[in-house]
Amino acid sequence: MIFRTILLSTALLLSNTTAFSPTKHHHVVPSLQKQQQQQQSSTSSSLVAPLRAAESEVNFGELDGSDLRIGVLRTRWNDEHVSNLVEGIKAGVTECKVPTENIFIKEVPGAYELPYAAKLLAMSGTVDAIICTGVLIKGETLHFEYISDAVTKGIMDVNLGTMTPVVYGVLNCLDEEQVKKRSSNENGGHNHGEDWGKTAVEMAIMRAEALKGKGTK
């Protein structure tokens with residue numbers, strides 16, 4: 001009888017000092033709950049807060065394109081997204097001090113027609129740089145791959161064949177969401193047209209400086 005009493009007393013003592021005792025439980029749980037509440041609050045705040053436009057990955061510095069003429073060749077295919085890109089291009093070249101009246105925009109049906117139109121414009125000698133812009137979205141066939149490859153090579157050929165800067169402003173995307181992220185400053189995206197506009201100004205200035213120094217001794 002005495003032995004059973006000792007066992008019961010020992011069991012009661014252990015139950016009061018176990019890791020699951022109310023005293024220790026009281027200190028652990030509120031700390032975890034506080035951390036979880038902070039994480040949930042942080043997550044909900046990031047979801048509610050509006051996403052700002054992503055910044056360009058290229059630093060162009062100060063560019064003075066006040067004496068330049070920029071030609072923009074755009075497609076009518078995927079008109080909505082291309083129109084957004086054109087707005088970005090105009091914003092980019094305007095930021096580089098190119099007068100609005102020196103920005104010329106011409107339409108072509110689709111991306112495949114861009115290299116030919118670019119060569120005609122380069123041969124005319126009426127602009128200092130050209131931006132070819134369009135949007136290609138992958139579909140179920142190999143059409144996307146063939147057009148992307150042909151347009152890319154064609155635009156490069158015009159660059160080297162005419163020595164007129166021709167900027168590659170064609171988005172090649174797997175879906176429309178990728179296009180939106182690259183043709184708009186909304187929802188954390190960045191309109192790449194802005195960068196293309198600045199690139200055209202920078203390359204036109206480079207060409208002018210190179211040709212100016214060609215005749216000097």
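# A guided tour from the sheet outwards

Start by selecting strand E1 (residues 70-75) together with E2: the two pair in the parallel sense over 6 bridges. What you have open is a predicted model, so please read each stop on this tour as a description of that model.

**Stop 1: the sheet**

Zoom in on Ile 70, whose bridge partner in E2 is Ile 103. Now turn to the other neighbour of E1. E1 and E3 are also paired in the parallel sense, over 5 bridges, and here Ile 70 stands opposite Ala 129 in E3.

Next, add E4 to the selection. E3 and E4 run parallel and are joined by 8 bridges. To find one of these contacts between the strands, pick Ile 131, which has Val 167 in E4 as its bridge partner.

With these strands coloured, you can read off the whole arrangement: an open sheet of 4 strands in the order E2-E1-E3-E4, with parallel pairing. Which strands sit at the edges? They are strand E2 (103-108) and E4, each of which pairs on one side only. On average, neighbouring strands of this sheet are turned by 15° against each other, direction ignored.

Stay with E3 for a moment. Is this strand mostly covered or mostly open? It is mostly covered, with 8 of its 9 residues buried. If you show side chains here, keep in mind that in a regular strand they alternate between the two faces of the sheet.

**Stop 2: helices on the sheet**

Select helix H4 (residues 114-124). H4 lies across E1, E2, E3 and E4, and runs at about 160° to E1. Then bring up H5, which packs on the sheet and touches E3 and E4. The direction of H5 makes about 170° with that of E4.

Zoom out for the full inventory: the protein has 7 helices and 4 strands. Walking along the sequence, you meet them in the pattern α-α-β-α-β-α-β-α-β-α-α. Of the 217 residues in the protein, 34% are buried. Among contacts with a separation of 6 or more, residues 24 or more positions apart account for 78%.

**Stop 3: the largest pocket**

Now select Asn 159, Thr 164, Pro 165, Val 166 and Met 203. Of the 17 residues that line the largest pocket, these lie nearest its centre. The elements giving two or more residues to this lining are helix H5 (143-162), strand E4 (166-173) and helix H7 (192-214). Which element gives the most? That is H7, with 6 residues.

The space in this pocket comes to about 310 Å³. Colour its lining by class and you should find 12 nonpolar, 4 polar and 1 charged residue.

**Stop 4: the second largest pocket**

The second largest pocket has a volume of about 220 Å³. Select Trp 77, Ala 111, Leu 136, His 143 and Ile 147, the closest to its centre of the 14 residues that line it. Strand E3 (129-137) and H5 are the elements that give two or more residues to this lining, and H5 gives the most, with 3. By class, the lining has 7 nonpolar, 5 polar and 2 charged residues.

**Stop 5: two loop residues with positive phi**

Go to Met 163, in the loop between H5 and E4. Its phi is near 60°, a positive value in a residue other than glycine. Why does Met 163 count as exposed? Its relative accessibility is 57%, and the cut-off for exposed is over 50%.

Then jump to Asn 187, in the loop between helix H6 (176-183) and H7. Phi of Asn 187 is near 55°, again a positive value in a residue other than glycine. Asn 187 is exposed too, with a relative accessible area of 54%.

**Stop 6: Asn 84**

For the last stop, select Asn 84, in helix H3 (residues 79-95). Asn 84 counts as partly exposed because its relative accessibility is 31%, which falls between the limits of 20% for buried and 50% for exposed.

What does Asn 84 touch? Leaving out residues up to four places away in sequence, it touches Ser 183 and Asn 191. Finally, draw a distance between the C-alpha atoms of Asn 84 and His 192: they are separated by 9.7 Å, although the two residues are 108 apart along the chain.

Technical notes. Residues are numbered from 1 along each chain as its sequence is written. This is a predicted model: local features need pLDDT of at least 70, side-chain atom pairs count only at pLDDT 80 or more; totals for chains, interfaces and linings use all residues. Side-chain values use heavy atoms; hydrogens and water are left out. On a 1 Å grid over the protein atoms alone, a cavity is a set of points where a 1.4 Å probe fits but cannot get out, and a pocket is an open set with protein on both sides within 12 Å along at least five of seven lines; lining residues have an atom within 4 Å of a point. Grid points are joined across faces, edges and corners, and a volume is the space filled by probe spheres set on the points. Ala, Val, Leu, Ile, Met, Phe, Trp, Tyr, Cys and Pro count as nonpolar, Asp, Glu, Lys and Arg as charged, and the others, Gly among them, as polar. Buried means under 20% relative accessible area, exposed over 50%, partly exposed in between (1.4 Å probe, protein chains only). Two strands pair if DSSP finds at least two bridges between them. Axes are lines fitted to C-alpha atoms, for helices over the stretch in contact, and angles run from 0 to 180 degrees between N-to-C directions. Contact means heavy atoms within 4.5 Å.
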